[in-house]
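Reader: I have just opened my first protein model and would love some help reading it. Could we go through it together, one question at a time?

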There are 2 protein chains.
Amino acid sequence: MKRKLTLKSIAKEMDVSISTVSKALRDSPEISEETREKIKAYAKLYNYKPNNIALSLKNRKTNTIGVIIPQIVHHFFTTVIRGIEAEARENNYNVIICLSNNDFDKEVLNMELLANGSTDGFILSVSKETMQKEDYHHLNEVIEQGMPVVMFDRVVEGIACDRVLINDTQGAKKGVSHLIRSGCRKIGIITSEDYVSVGRLRTEGYLDAHDDFGIEVDENRILKLDNIDDLGEGSKKRIKEFILNNDLDGLFTVNELFAVYAARVIAQSGKSIPDDISIVCFTDGELSEHMVPSITAVSQHGEEMGRKAASILINKLERPEDETEEYGTTYIETSLIERESTRKLLR
Amino acid sequence: MKRKLTLKSIAKEMDVSISTVSKALRDSPEISEETREKIKAYAKLYNYKPNNIALSLKNRKTNTIGVIIPQIVHHFFTTVIRGIEAEARENNYNVIICLSNNDFDKEVLNMELLANGSTDGFILSVSKETMQKEDYHHLNEVIEQGMPVVMFDRVVEGIACDRVLINDTQGAKKGVSHLIRSGCRKIGIITSEDYVSVGRLRTEGYLDAHDDFGIEVDENRILKLDNIDDLGEGSKKRIKEFILNNDLDGLFTVNELFAVYAARVIAQSGKSIPDDISIVCFTDGELSEHMVPSITAVSQHGEEMGRKAASILINKLERPEDETEEYGTTYIETSLIERESTRKLLR
């Protein structure tokens with residue numbers, strides 16, 4: 001059984017990175033001529049075809065969408081996938097999913113795997129490591145070869161593709177305004193350090209809402225955590241201190257897990273939700289729905305986001321004769337789902 | 001742009017089911033000779049190649065595993081995928097995921113899509129509709145063509161493949177025995193109708209535990225619901241009546257959602273958890289971990305299940321010379337995660 005030559009096996013054999021191989025094969029000036037020539041000679045010797053993407057595209061349409069996401073354990077991504085699947089099904093498209101595990105090399109390999117004749121285009125949420133490296137040559141490559149890309153949620157600038165996003169700032173503003181309207185004046189926020197864009201944007205929404213109602217912001221009521229993807233012991237300790245050392249009457253959190261843990265601390269301190277402290281969280285998932293008390297949440301409408309991304313991609317695929325290359329950013333509106341953790345508004 | 005001929009497009013053109021096309025192309029006696037000839041002639045005319053699976057297999061190895069699962073919104077499936085991904089990564093395999101949406105046709109199409117040169121073998125959890133139809137020709141086909149299959153969780157008999165399962169009966173017995181040891185004597189169970197195998201097996205475990213301790217079972221304490229995949233209004237109503245009309249001191253549920261809703265009803269009725277009623281649920285997910293009180297759970301170890309399934313498949317793929325076709329069933333042991341919804345045992 002003959003092993004198929006891949007970017008990875010070439011990289012291993014030549015003792016260079018996958019990205020170097022990928023760039024050398026498309027003659028990128030970033031790679032020294034010597035290295036480029038060596039890699040190309042090796043690829044030729046073993047009959048590696050980097051351009052079979054374009055080849056296969058000319059010959060046939062697969063009616064398949066490739067989806068690459070950082071991970072799957074987040075409820076949000078599973079709802080986006082449900083939306084992509086639904087839209088694809090209605091339009092007779094198949095969906096193939098690969099996970100990058102937030103790893104740059106894995107994302108490059110996934111694209112190579114799927115671009116190799118299996119799919120017509122991509123829906124993608126960029127991995128954390130790719131954003132850190134700011135290396136997007138794999139995206140540019142498939143786009144140059146005629147495969148459209150739609151990015152959602154974790155997107156980057158400077159790529160010729162469409163984007164689907166939620167309006168984080170406006171969503172957070174909705175949630176915090178609701179707390180203010182229900183009577184809260186000392187509202188805390190549990191968010192991330194500013195370098196995580198969703199944290200920064202949602203903190204802006206918190207500030208905007210205060211501004212709108214002419215309420216002064218107390219810096220002590222802003223807690224910025226390093227990691228918003230899970231809830232470690234370090235985060236728990238900081239949330240506990242934050243709740244116990246602040247005289248809050250409202251709390252906004254940028255994810256469900258922070259809200260759920262804060263609710264536990266509040267209950268243990270003998271205070272009641274929503275009467276002593278009301279809570280609103282960003283992201284509507286199973287936890288906020290089923291907790292006792294259930295938690296008022298800003299819904300990201302993941303399913304709608306998935307549907308929109310798929311519909312934009314399918315439109316591009318069905319009208320390839322449209323040679324005017326126009327790309328846009330679509331914002332999915334958030335909405336507030338009122339539950340037991342906030343007081344009812346008098347209307 | 002020429003559309004590729006697929007099972008689906010042939011089925012549409014000939015006005016027959018996808019399954020009929022698939023069977024006709026492999027000369028199944030289940031299909032009338034007339035229909036078979038017609039379909040084969042059409043496929044030949046348009047150059048459809050049903051056998052490029054075997055062809056591609058002989059020529060190359062893709063180092064890719066195809067995973068087909070009914071849906072992704074269940075936390076359990078996402079943990080299984082995490083395990084498959086981890087094991088594959090360590091062995092330099094890629095993973096491609098497709099969802100059947102519990103739909104038979106979609107499962108058949110997914111297999112066609114992935115078997116078409118994209119993957120070396122499959123890890124599969126069978127869709128509900130496939131189980132109802134008892135039509136497994138698509139599985140037999142890829143196996144006959146030399147692509148090994150490993151089934152997990154929702155498996156069927158009579159297919160030449162390996163299986164990875166959890167021991168449902170033993171897991172439920174562990175959970176219920178824990179309730180008995182902590183002093184409960186009037187234990188209710190919220191489970192499914194017997195035709196859902198996980199429900200039936202877990203109910204058996206509940207009965208076994210009572211038997212072991214010589215405690216008589218009261219039939220009124222067994223609630224069987226139709227749907228265990230979600231929590232509709234009908235199920236909520238029946239759970240509420242069940243809790244309020246039974247004098248229980250313990251409760252075992254076959255999933256998290258039932259436990260979470262039951263805990264809400266118990267709290268609203270003024271009883272305390274665990275002192276008045278203790279709770280154990282099957283499946284350890286985010287809900288049981290983060291609820292107040294957190295819920296003692298039987299863990300299915302989804303990640304270990306995924307790792308095991310991938311390791312069995314990769315072993316088969318790496319040693320294809322092993323011509324002795326032996327298949328086995330591997331059981332993943334469950335374990336009990338003690339939390340706030342049960343009393344501590346005196347040891």
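Author: Happily! Let us begin with a term: a salt bridge is a side-chain nitrogen of Lys or Arg within 4 Å of a carboxyl oxygen of Asp or Glu. Keep in mind that this is a predicted model.

Reader: With that rule, how many salt bridges does the structure hold over all chains?

Author: The rule can be applied within a chain and also across the interface of chain A and chain B, where it finds four salt bridges. Over all chains, the number is 32.

Reader: Which residue of chain A forms a salt bridge with Arg264(B)?

Author: Here the partners sit in two chains, and their closest N and O atoms are 2.7 Å apart. That is within the 4 Å cut-off. The partner of Arg264(B) is Glu340(A).

Reader: Arg82(A) and Glu303(A) also meet in a salt bridge. How many residues apart in sequence are the parts that this pair ties together?

Author: The N to O distance of this pair is 3.2 Å. Arg82(A) is partly exposed at 38% relative accessibility, and Glu303(A) is partly exposed at 32%. Because Arg82(A) lies in helix H5 of chain A and Glu303(A) in helix H14 of chain A, the pair ties together parts whose separation in sequence is 221 residues.

Reader: Is Arg339(A) buried or exposed?

Author: Arg339(A) forms a salt bridge with Asp284(A), with 2.8 Å between the closest N and O atoms. This pair links distant parts of the chain, 55 residues apart. Asp284(A), at 26% relative accessibility, is partly exposed. The relative accessible area of Arg339(A) is 16%, and since buried means under 20%, Arg339(A) counts as buried.

Reader: Glu30(B) forms a salt bridge with Lys23(B). What is the relative accessibility of Lys23(B)?

Author: The closest N and O atoms of the two are 2.9 Å apart. Glu30(B) is exposed, with a relative accessible area of 60%. Lys23(B), in contrast, counts as buried, and its relative accessibility is 8%.

Reader: How many disulfides are there over all chains?

Author: The cut-off for a disulfide is 2.5 Å between cysteine sulfur atoms. For Cys98(B), the nearest cysteine sulfur is that of Cys98(A), 9.0 Å away, and for Cys161(B) it is that of Cys98(B), 18 Å away. Neither Cys98(B) nor Cys161(B) is in a disulfide. Over all chains, the count is zero.

Reader: How many of the 16 residues of H5(B) are buried?

Author: Helix H5 of chain B covers residues 75–90 and reaches 23 Å from its first C-alpha to its last, close to the expected 22 Å. Its buried residues include Phe76(B), Phe77(B) and Ile81(B). H5(B) is largely enclosed by the rest of the structure, because the number of its residues that are buried is twelve.

Reader: Chain A can be laid on chain B. As by what kind of axis are the two copies related?

Author: The fit has an RMSD of 0.2 Å and uses a turn of 180° with a shift of 0.0 Å along the axis. The C-alpha of Ile97(A) is the nearest to the axis in chain A, 2.5 Å from it. The turn means that the copies are related as by a two-fold rotation axis.

Reader: What area is buried between chain A and chain B?

Author: Each chain gives 44 residues to the contact. The copies meet through the same surface, because 100% of the interface residues of chain A are also interface residues in chain B. Carbon and sulfur atoms give 58% of the buried area, which is about 4300 Å².

Terms used: Residues are numbered from 1 along each chain as its sequence is written. Chains are lettered from A and ligands numbered from 1 in the order in which they are written. This is a predicted model: local features need pLDDT of at least 70, side-chain atom pairs count only at pLDDT 80 or more; totals for chains, interfaces and linings use all residues. Side-chain values use heavy atoms; hydrogens and water are left out. Copies are superposed by least squares on the C-alpha atoms of residues with pLDDT of at least 70 in both. Contact means heavy atoms within 4.5 Å. Helices (H or I, at least four residues) and strands (E, at least two) are DSSP runs, numbered from the N terminus. The expected span of a helix is 1.5 Å times one less than its number of residues. Buried means under 20% relative accessible area, exposed over 50%, partly exposed in between (1.4 Å probe, protein chains only). Buried area is the accessible area (1.4 Å probe) that two parts lose on being put together, summed over both.
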